[in-house]
Amino acid sequence: MKAISPVRAVRSCYRAVCCVSEQSLTISRSEPGSALCDMNDCYSRLKALVPSIPQNKTVSQVEILQHVIDYICDLQIALEAEDKLRTLQVCTAPRVLRSCGSWV
């Protein structure tokens with residue numbers, strides 16, 4: 001989750017809140033069933049996208065969200081590990097003497 005920086009101008013925060021408020025009003029003014037269908041569609045998409053969620057079993061929305069959170073954490077760990085590996089490879093790569101006489 002990202003937090004709003006206290007350094008930002010109050011106006012930009014106000015605009016963001018107004019934008020969210022307008023979207024909320026638009027959703028609340030629409031048909032009550034359509035928002036629920038949209039959310040169910042979102043949960044179905046999440047269930048299809050996250051590999052650790054069993055596809056042949058009924059899973060609650062809370063379980064889906066927990067799997068999504070776990071999956072995001074796994075992806076972050078994998079990316080951080082890849083970055084550390086790249087850094088390690090660059091730092092420990094053997095230096096090669098170029099034909100011009102300088103070390104790489």
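**Reading a three-helix model, step by step**

Tutor: Let's begin with a single feature: this structure holds one salt bridge. Keep in mind as we go that the model is predicted.

Student: Which side chains meet in that salt bridge?

Tutor: To read a salt bridge, look for a side-chain nitrogen of Lys or Arg within 4 Å of a carboxyl oxygen of Asp or Glu. Here the partners are Glu82 and Arg86, with 2.8 Å from N to O. Both residues belong to helix 3, where they sit four residues apart, about one turn of the helix.

Student: Are Glu82 and Arg86 buried, exposed or partly exposed?

Tutor: The labels follow relative accessible area: under 20% is buried, over 50% is exposed, and partly exposed lies in between. Glu82 has 38%, so it is partly exposed. Arg86 is at 48%, so it also counts as partly exposed.

Student: Let me step back to the whole protein. How many helices and strands does it have?

Tutor: There are three helices and zero strands. Read from the N terminus, the order is α-α-α. Helix 1 covers residues 10–29, helix 2 covers residues 32–49, and helix 3 covers residues 61–92.

Student: How much of the protein is buried?

Tutor: Of the 104 residues, 7% are buried. The surface can be read as well: the protein exposes about 9400 Å², and 62% of that comes from carbon and sulfur atoms.

Student: What do the contacts say about residues that lie at least 24 apart in sequence?

Tutor: Take the contacts between residues at least 6 apart in sequence; 0% of them join residues at least 24 apart. Some pairs with smaller separations are worth finding on the model. Leu65 and Leu46 are 19 residues apart in sequence, and their C-alpha atoms are 8.3 Å apart. Asp70 and Val50 are 20 residues apart, with 9.6 Å between their C-alpha atoms. Leu65 and Asp70 are both found in helix 3. Leu65 is partly exposed at 37%, and Asp70 is partly exposed at 36%.

Student: Is Lys47 buried or exposed?

Tutor: Lys47 is at 17% relative accessibility, so it counts as buried. You will find Lys47 in helix 2.

Student: Which side chain of opposite charge is nearest to Lys47, and how far away is it?

Tutor: That side chain is Glu63, 8.8 Å away, and Lys47 has no salt bridge. Recall the 4 Å cut-off for a salt bridge.

Student: What does the side chain of Lys47 reach instead?

Tutor: It reaches the backbone oxygen of Lys57, at 2.9 Å. Leaving out residues up to four places away in sequence, Lys47 touches Ile53, Pro54, Gln55, Lys57, Thr58, Val59 and Ile64. Lys47 and Ile64 are 17 residues apart in sequence, and 6.4 Å apart C-alpha to C-alpha.

Student: One more thing to read: what is the mean pLDDT of the protein?

Tutor: It is 73, and 54% of the residues reach 70 or more. The general idea is that pLDDT gives the predictor's confidence in each residue, from 0 to 100. Among the elements, helix 3 has the highest mean, 89, and helix 1 the lowest, 52. Over residues 1–14 the pLDDT is below 50, and this stretch has two contacts in the model beyond near neighbours in sequence.

Student: Then where should I look again for the salt bridge?

Tutor: Go back to helix 3, where Glu82 and Arg86 both lie.

Note on methods: Residues are numbered from 1 along each chain as its sequence is written. This is a predicted model: local features need pLDDT of at least 70, side-chain atom pairs count only at pLDDT 80 or more; totals for chains, interfaces and linings use all residues. Side-chain values use heavy atoms; hydrogens and water are left out. Helices (H or I, at least four residues) and strands (E, at least two) are DSSP runs, numbered from the N terminus. Buried means under 20% relative accessible area, exposed over 50%, partly exposed in between (1.4 Å probe, protein chains only). Contact means heavy atoms within 4.5 Å. Accessible areas come from the Shrake-Rupley method with a 1.4 Å probe; for residues, only the protein chains shown count as cover. Lys and Arg count as positive and Asp and Glu as negative; His and the chain ends are not counted. A polar contact is a pair of N or O atoms within 3.5 Å; within protein, one must be able to donate a hydrogen and the other to accept it, and residues adjacent in sequence count only if both atoms are side-chain atoms.
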